[in-house]
Amino acid sequence: MRTPAETANGFPLQVAVVGAGPSGCYAAQALRKGQPDIGIAVFDALPTPYGLVRYGIAPDHQGAKAVSRQFDRLFGQPGVEFVGNVSVGTDVSLEALLESFHAVVLATGLGTDRQLGIEQDPDALVIGAGDLIRLLNSDPDARLRHRPAGPRRLGSEVVILGTGNVSADVARLLSKSDLDFIASDVDDDALRAVAPAPVRTIHILGRCEPHAARWDASMVRELAEIVGVHLSVDGVPLLGEPAAAPRTTVNVRFRQVPVSVRRHDGRVRVTTHDAGDSTRVGHLDADTVITALGFDPSPAQSARFGGIEASNVFRVGGPATGRLGNLAENRKLAAETAKGVLEFLRDQEPPHRTGLAGLRDRLPASVVSFEAWQRIDGAEVRRARPDRCRTKFTTRDELLAAAAGSGALVSIPTATTAALDTTGEVK
Ligand SMILES: Cc1cc2nc3c(=O)[nH]c(=O)nc-3n(C[C@H](O)[C@H](O)[C@H](O)COP(=O)(O)OP(=O)(O)OC[C@H]3O[C@@H](n4cnc5c(N)ncnc54)[C@H](O)[C@@H]3O)c2cc1C
């Protein structure tokens, strides 16, 4: 491989990754493993790294969230920068990145819950599972979407549409008592706002046959094993509390094809028909419908990046496959994408690129570096309730104040773009 003139941070090759979720972090890891002398800048629109590890994976699944520790080690390496609070396409253009880096990897995930796509009253009480779990994970942008009134109460009876792992996550989170959240980082204020007490009745409807449900058996078992939960599938009780004594009943019904969601007597009515016989129509009334039907790219992302094709622009995760996937799948995809990037770099005679240093004047003032993120991280752990592992900040202003460490908005373009010379010292 040709070695272009060394750049300000001492690395001859420069790659930008857009999105510091698992796909972006796994891609950066694989790039570094394949070619240790690559400078990598990982941009994220949020002030915090790790995407849905922080704001998607359920707050009571700390084991799964612990993948963030291996990403911490990635950002501990010289020449791998976190560039937080910078939305590519808004704060800095993709074109500017292409001028400063040899290749750009788009790892922006899938931003929004997939819509129902059936007849639906505009004012019917429907919320996406992704949006709900982002709220329970203190996502500052999810909070904003629910302002000014704040998140709405879900009520004592809800319908969840979809039988994947996210559906099981929602049912579990809504049927747990306060004690069941010990050692989690659930947003207690948001949880109390949407469900002051565990939801009494949860109906989960799936279009498919039971064997085709996408959730893992372990997720269903975990739900059934919550003390106070009675779980039945198509009317047959599974493990769990006897029907006479439960706090929450969860009724799973398969082969139910949703036809419409309507307002009905101040509640919401879901009309379904049997998957094998469209004349067999049924109605279910509840306080809220939660859709857990997968994710779509946000319209803004599609508008920004949808049509951009260049030989040095690569995609990984949702933007490549149209599916959010899980961590293991995205790790594999990221390794394949990194291989493609490395092959591209090997085949080229790369021109000189400055990397992050060249963008110094084009980035907003409030960039969050990895060190600034660590200040947020530490502050959230320190302020946690004794029975919680962390209490997250819930607004961008709070996050930025914690990043600055002094209550003021952080302004650290020189820290994040600090140029490492070849001896590894910060210039
Ligand atoms: C409720 C829920 C529970 C889950 N639980 C599990 C689980 O237990 N185990 C498991 O393996 N998987 C789980 N997953 C799936 C897992 O979260 C995903 O596989 C993974 O997060 C996808 O990673 P990603 O990097 O592709 O996307 P994301 O995690 O969404 O990351 C994308 C990142 O890109 C950033 N971004 C977007 N646009 C821009 C832009 N224009 N400029 C800069 N940055 C941008 C976003 O801010 C975000 O940080 C769960 C998902 C959900 C929704």
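From which domains does the shell around the ligand draw at least three residues each? In this predicted model, the shell takes at least three residues from each of domain 1 (13-111 + 297-416) and domain 2 (115-294). The close-up views below begin with that shell and continue to individual elements and residues.

**View 1. The shell around the ligand.** The ligand is surrounded by 37 residues, among which Gly19, Gly21, Gly51, Gly109 and Gly317 come nearest. The elements that contribute two or more residues to this shell are helix 1 (22-34), strand 2 (38-44), helix 2 (51-55), helix 6 (129-136), helix 8 (165-175) and helix 13 (327-347). Sorted by class, the shell holds 17 nonpolar residues, 18 polar residues and two charged residues.

**View 2. The contact between the two domains.** The protein is divided into domain 1 (13-111 + 297-416) and domain 2 (115-294), and the C-alpha centres of domain 1 and domain 2 are separated by 31 Å. To the contact between them, domain 1 gives 17 residues and domain 2 gives 19 residues. On the side of domain 1 that touches domain 2, the elements giving two or more residues are helix 2 and helix 15 (396-404). The residues on that side of domain 1 comprise six nonpolar, four polar and seven charged.

**View 3. The largest nonpolar core and valine 105.** The largest nonpolar core has 110 residues, and of these Val15, Val17, Ala27, Val105 and Val170 touch the most other members. This core, too, draws at least three residues from each of domain 1 (13-111 + 297-416) and domain 2 (115-294). When neighbours within four places in sequence are left aside, valine 105 is in contact with Val15, Val17, Val18, Gly24, Ala27, Phe314, Val316, Thr337 and Val341. Val15, Val17 and Ala27 thus appear among the contacts of valine 105 and also among the residues that touch the most other members of the core.

**View 4. Helix 6 and the residue that follows.** Seven of the eight residues of helix 6 are buried, so this helix is largely enclosed by the rest of the structure. The buried residues are Ala129, Gly130, Leu132, Ile133, Arg134, Leu135 and Leu136. After helix 6 comes serine 138, which has a positive phi near 65°. Helix 6 is also one of the elements that give two or more residues to the shell around the ligand.

**View 5. Helix 8 and serine 175.** Helix 8 is mostly covered, with ten of its eleven residues buried, namely Val166, Ser167, Ala168, Asp169, Val170, Ala171, Arg172, Leu173, Leu174 and Ser175. Serine 175 belongs to this helix, and because serine 175 has 25 C-beta neighbours inside 10 Å, this residue counts as buried. Leaving aside the neighbours within four places in sequence, serine 175 is in contact with Pro198, Val199, Ile202, Ile226, Val229, Thr248 and Val250. Alanine 195 stands 20 residues from serine 175 in sequence, and the C-alpha atoms of the two residues are 9.3 Å apart in space.

**View 6. The open sheet of four strands.** The strands of this open sheet follow the order 6-13-14-15, and their pairing is mixed. Strand 6 and strand 15 (277-286) are the edge strands, each pairing on one side only. Strand 6 (residues 119-120) pairs with strand 13 (residues 256-264) in the parallel sense over two bridges, and glutamate 119 stands opposite serine 260 in strand 13. Strand 13 and strand 14 (residues 267-274), by contrast, run antiparallel and are joined by eight bridges.

**View 7. The hairpin of strand 13 and strand 14.** Two residues lie between the strands of this hairpin, and aspartate 265 takes a positive phi near 50°. Histidine 264 has arginine 267 in strand 14 as its bridge partner.

**View 8. Leucine 144 in helix 7.** Leucine 144 is located in helix 7 (residues 140-145). Is leucine 144 buried or exposed? Leucine 144 is exposed, because 12 other C-beta atoms lie within 10 Å and a residue with 12 or fewer falls in that class. Proline 364 and leucine 144 are 220 residues apart in sequence, and their C-alpha atoms are 21 Å apart in space.

Key:
Residues numbered from 1 in each chain as written. Predicted model: local features only at pLDDT ≥ 70, side-chain atom pairs only at ≥ 80, totals over all residues. Near = placed C-beta within 6 Å. Nonpolar A, V, L, I, M, F, W, Y, C, P; charged D, E, K, R; others polar. Domains from an automatic or database assignment. Contact = placed C-beta atoms within 7 Å. Pairing = 2+ DSSP bridges. Buried ≥ 20, exposed ≤ 12 C-beta atoms within 10 Å, placed from the backbone. Core = buried A, V, L, I, M, F, W, Y, C linked by C-beta atoms within 7 Å.
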